[in-house]
Amino acid sequence: MIAGSALLLAVLLLSAAKKDDGVMVKENGAYVVNTTELGKKVDGYAGPTPLKVYIRKGKVEKIEFLPNQETPKYWNAVKKQMQTAWDGMKVAQAKKAEVDGRTGATFSSNAVKENVKLALEYYEKNK
């Protein structure tokens with residue numbers, strides 16, 4: 001009877017545990033939010049523009065741009081302009097930041113901003 005109750009309790013606890021959805025992982029002490037799934041409907045000029053947002057001690061550490069279908073010339077310009085724009089900002093500050101996008105690459109720039117915002121919101125809800 002006691003063994004059965006313990007087994008039932010273990011099953012219930014395991015089923016209630018948060019499932020790893022692959023969106024956020026902890027890597028070397030930093031939370032890393034991957035927007036591939038979060039931002040799958042966030043399109044730049046040529047489709048989704050996924051990112052990884054690294055957060056350490058409540059601050060944005062860095063943004064990593066993931067492979068996509070954007071035109072390399074424009075995407076590289078967006079990366080150069082925006083990649084470090086959020087670095088060092090507290091999460092709350094970064095969510096509200098008005099980061100300048102790259103002229104001539106408005107769709108791509110807006111997609112980057114939206115993906116960063118999604119990542120930061122996800123972090124706050126799930127850390």
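## Close-up views of a predicted model

**Figure 1. Helix 3 and helix 5 cross in a right-handed sense.** In this predicted model, helix 3 covers residues 72-82, and its axis lies 10 Å from that of helix 5, with an angle of about 45° between the two. Angles under 35 degrees would count as roughly parallel and those from 65 to 115 as roughly perpendicular, so helix 3 is oblique to helix 5. On the helix 3 side, the contact is made by Trp75, Val78 and Met82, which meet Ser108, Ser109, Val112 and Lys113 of helix 5. By residue class, this contact divides into four nonpolar, two polar and one charged.

**Figure 2. The whole chain, for orientation.** Before moving on to single residues, here is the setting. The protein chain has five helices and four strands, and reading along the sequence gives the pattern α-β-β-α-β-β-α-α-α. Of its 127 residues, 34% are buried. Among contacts between residues at least 6 apart in sequence, 56% join residues at least 24 apart. The mean pLDDT of the chain is 89, and 84% of the residues reach 70 or more. Please take care with residues 4-19, where pLDDT stays under 50 and the model has one contact beyond four places in sequence. Where pLDDT is low, predicted coordinates should not be read in detail.

**Figure 3. Asn115, a buried residue of helix 5.** Helix 5 spans residues 106-126, and Asn115 is part of it. Its relative accessibility is 0%, and for this reason Asn115 counts as buried. Which residues surround this side of the helix? Leaving out residues up to four places away in sequence, Asn115 touches Thr35, Gly39, Val42, Thr49 and Leu51. One of these partners, Thr49, is the subject of the next view.

**Figure 4. Thr49, buried within a loop.** Thr49 sits in the loop between helix 2 and strand 3. Despite the loop setting, Thr49 is buried, with a relative accessible area of 0%. Beyond its neighbours within four places in sequence, Thr49 is in contact with Val42, Gly44, Asn68, Glu70, Trp75, Ala111, Val112 and Asn115. Readers coming from Figure 1 will recognise Trp75 of helix 3 and Val112 of helix 5 in that list.

**Figure 5. Thr36 in helix 2.** Helix 2 runs over residues 35-38 and includes Thr36. Is Thr36 buried, partly exposed or exposed? With a relative accessible area of 38%, Thr36 is partly exposed. Thr36 is in contact with Pro50 and Leu66, once its neighbours within four places in sequence are left aside. For a sense of distance, the C-alpha atoms of Thr36 and Gly22 are 9.6 Å apart, with their positions 14 residues apart in sequence.

**Figure 6. Val32 in strand 2.** Val32 belongs to strand 2 and is buried, at a relative accessible area of 3%. Its contacts, not counting neighbours within four places in sequence, are Val23, Met24, Val25, Glu27, Lys52, Val53 and Tyr54. Strand 1 (24-27) and strand 3 (51-56) each supply several of these partners. From Val32 to Leu51, 19 residues apart along the chain, the C-alpha atoms are separated by 9.9 Å.

**Figure 7. Two loop residues with positive phi, Asn28 and Lys57.** Asn28 occupies the loop between strand 1 (24-27) and strand 2 (30-34). Its phi is near 50°, a positive value in a residue other than glycine. Lys57 lies in the loop between strand 3 (51-56) and strand 4 (59-65), and although Lys57 is not a glycine, its phi is about 55°. How exposed are these two residues? Asn28 has a relative accessible area of 73% and is exposed; Lys57, with 82%, is exposed as well.

**Figure 8. Met89, a buried loop residue.** The loop between helix 3 and helix 4 (91-96) holds Met89. With a relative accessible area of 16%, Met89 is buried. Where does Met89 make its contacts? Not counting residues up to four places away in sequence, Met89 touches Gly58, Lys59, Val60, Ala94 and Ala97. Met89 and Gly58 are 31 residues apart along the chain, with 8.5 Å between their C-alpha atoms.

Note on methods:
Residues are numbered from 1 along each chain as its sequence is written. This is a predicted model: local features need pLDDT of at least 70, side-chain atom pairs count only at pLDDT 80 or more; totals for chains, interfaces and linings use all residues. Side-chain values use heavy atoms; hydrogens and water are left out. Buried means under 20% relative accessible area, exposed over 50%, partly exposed in between (1.4 Å probe, protein chains only). Contact means heavy atoms within 4.5 Å. pLDDT is the predictor's confidence in each residue, from 0 to 100. Axes are lines fitted to C-alpha atoms, for helices over the stretch in contact, and angles run from 0 to 180 degrees between N-to-C directions. Angles under 35 degrees count as roughly parallel, over 145 as roughly antiparallel, 65 to 115 as roughly perpendicular and the rest as oblique. A crossing is left-handed if the near helix is turned anticlockwise from the far one by less than a right angle, and right-handed if clockwise. Ala, Val, Leu, Ile, Met, Phe, Trp, Tyr, Cys and Pro count as nonpolar, Asp, Glu, Lys and Arg as charged, and the others, Gly among them, as polar.
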